[in-house]
Amino acid sequence: MRHALCPAWSPERFLHVDTSAIMTDELIVKTAVALRKDFGFRGFFGWTHYNESLLFKERVEWLMDAIDKECPSARYLLITNGTKLMDVGLPFLSRFERISISNYGVVRESDVQAIRDVTNVVFTQESMDDRIKRYKMRDFRNDRACMRTLVTLPVDYFGNVRLCCIDWKGESTLGNLRTTPLSIVEERLHLARKATVGGITQDAPIACQRCPNKYHLNPMSVVCPRVAENTQRFFRSAM
Ligand code: SF4
């Protein structure tokens, strides 16, 4: 499946990031273990490859085995577009605490009943998005809050820690795990959160200053934006 607007095909996909070497499997494991043991991370380690990580099932399995040896309670999330989902078997799928299917119509709810018996399955996106156009909106400005940095922290093939998946060119990357200590990445993430979750401030990363894809966790943003903004200001002051 190849979507004309998918950023993965853009020649500018890695415009602002370090692509001089890949992130090795050993560094992936070392980073995951450090996040659990030294930084108190208790969320999911998610596997994604522009949504079909099951193309690399053996590699993912090896990585989880290696992480589990040092952190048996590590938690995993599988992100898939469903094209390989039915080929990998229930024992493998049961290792994920959650499976997130970006539903482009490849699999339907009725296809995954057996998988629901072994783990939690959620269907997410229903259509392709238009994030490829976001950098063209140079004049777009608003200071609405964004909570995306509280939810995900993507790391790419080369070890670059991306601010978020919307900044797909890496304009506001937080560092590269091959060269930047995790403590520095954590510090930069903290500053980025502080400048975005309660409303975009002047200190926010440049990618956030003109971002049309801001993300709200708080359902109050829909029914009562003023209350939601106040809640988010509270979050920011508490950080
Ligand atoms: S404001 Fe936009 S670029 Fe910044 S974290 Fe949110 S979604 Fe990403």
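What covers the buried residues of α1? Before selecting anything, note that this is a predicted model, in which local features need pLDDT of at least 70 and side-chain atom pairs count only at pLDDT 80 or more, while totals for chains, interfaces and linings use all residues. Residues are numbered from 1 along each chain as its sequence is written.

Select residues 25-38 to begin: this is helix α1, whose 14 residues reach 19 Å from first C-alpha to last, close to the 20 Å expected at 1.5 Å a residue (1.5 Å times one less than the number of residues; helices are DSSP runs of H or I with at least four residues, strands runs of E with at least two, numbered from the N terminus).

Within α1, pick out Val29, Thr31, Ala32 and Leu35, which are buried (20 or more other C-beta atoms within 10 Å of a residue's own, against 12 or fewer for exposed and partly exposed in between, with C-beta atoms placed from the backbone). These four cover an arc of only 165 degrees around the axis, which puts them on the same side of α1, the arc being that of the directions from the helix axis to the C-beta atoms. Adding β1 (44-47), α2 (57-70) and α5 (182-194) to the view brings in elements that are among the cover of these buried residues. Turn to the other side of α1, where Glu26, Lys37 and Asp38 are exposed.

Next, select Arg95, in the loop between α3 (90-93) and β3 (98-101). Arg95 counts as partly exposed because it has 15 C-beta neighbours inside 10 Å.

Terms used:
Two residues are in contact if their C-beta atoms, placed from the backbone, lie within 7 Å.
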